[in-house]
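Colleague: Could you take me slowly through one part of this model, the place where a pair of strands meets a group of aromatic rings, and explain each term as you use it?

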Amino acid sequence: MIFSIKRDFETSVPALFTTAKKAAIVCISLIRKSAKNGGEMFNSLSGIITEKGNQRVFLETNGIEWDIAVPSTSIDALGAAGEQGRLFVWLQHTDSAMNLYGFSSAKERELFFELLKVDGIGPKGALKIMSNITAASLSALLESGDVAALSKVPGVGKKASKMLLSLKGKLQLDALPAAKSAKSSSPYAAVIDSLSDMGYDKRDAEAVIERLLKELQASEDFDRMLPTQKEDLLFKRSIVEMAR
């Protein structure tokens, strides 16, 4: 089930239970209509975050608690349990079940849809990929054309070549929110974290970044780059170095 009515409504104020029950009926009706339209009726859900788990968020709206599958990167971008939250959603409807997927932004949901276009990648596979690498890092990997490095991302594996052919040059990620990064003394902590998310040892990543920086900082072209351009270049060069 993708939602449940709070049990305490049955033993508390009857009027509140009636309201929640009516809301549930409306939601069930919307779900059925949404399923018939390919899950496109829902755009987003807003409410109180009641729990955050492993690739899962529970969101309460008007006495209804929604069970939503969410990439780890999206979960990091949300507030803590008890705070107000909003998820851009997509409803998957099959003969045996209905599953609700949520994302911290509409752009992130678009990335999910792009991954679904790759032969062999379904909703669960796309969720796994997005949980193990940030969207910006995935885009940089695709642009680098490094199939070997791309295949190391959990959930990609042998589908790396198909993904490269399908998505290279097509991801528009400017508006994607950055996931919260662990503290690091390096000014390029986001790059190091992305490499770590891909399975590389964090200390090895820091050493490679430090060595590459010494090489690149001797170039005037590097000094003239924007911070985001420097990060992209460092990430691509690091992938090549660490894949050897």
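Modeller: Two strands are said to pair if DSSP finds at least two bridges between them, and the strands and helices themselves are DSSP runs (E, at least two residues, for strands; H or I, at least four, for helices), numbered from the N terminus. This is a predicted model, in which local features need pLDDT of at least 70 and side-chain atom pairs count only at pLDDT 80 or more, while totals for chains, interfaces and linings use all residues. Residues are numbered from 1 along each chain as its sequence is written, and side-chain values use heavy atoms, with hydrogens and water left out.

Let us begin with strand E5, residues 84-93, and strand E6, residues 98-103, which run antiparallel and are joined by 6 bridges. With 4 residues between them, E5 and E6 form a hairpin, and across it Trp90 has Tyr101 in E6 as its bridge partner.

Trp90 also leads us to the rings. The structure holds 6 aromatic pairs (rings of Phe, Tyr and Trp, the last by its six-membered ring, with centres within 6.5 Å; planes under 30 degrees apart count as stacked, over 60 as edge-to-face and the rest as tilted). One of these pairs is made by Trp90 and Phe113, whose ring centres are 6.2 Å apart and whose planes stand at 80° to each other, so that the pair counts as edge-to-face. This pair links distant parts of the chain, since Trp90 belongs to strand E5 and Phe113 to helix H4, residues 106-116, with 23 residues from one to the other. Trp90 and Phe113 are, moreover, members of one aromatic cluster, together with Tyr101, Phe103 and Phe112, and Tyr101 is the residue already named as the bridge partner of Trp90.

How far are the two paired residues covered? Trp90 is buried, because its relative accessible area is 15% (under 20% is buried, over 50% exposed and in between partly exposed, with a 1.4 Å probe and protein chains only), whereas Phe113, at 30%, counts as partly exposed.

For a comparison from elsewhere in the chain, look at the loops on either side of strand E3, residues 56-61. Gln55, in the loop between strand E2 (44-53) and E3, has a positive phi of about 55° although it is not a glycine, and with a relative accessible area of 23% this residue is partly exposed. Asn62, in the loop between E3 and strand E4 (64-69), is likewise not a glycine and has a positive phi of about 55°, but Asn62 is exposed, with a relative accessible area of 67%.
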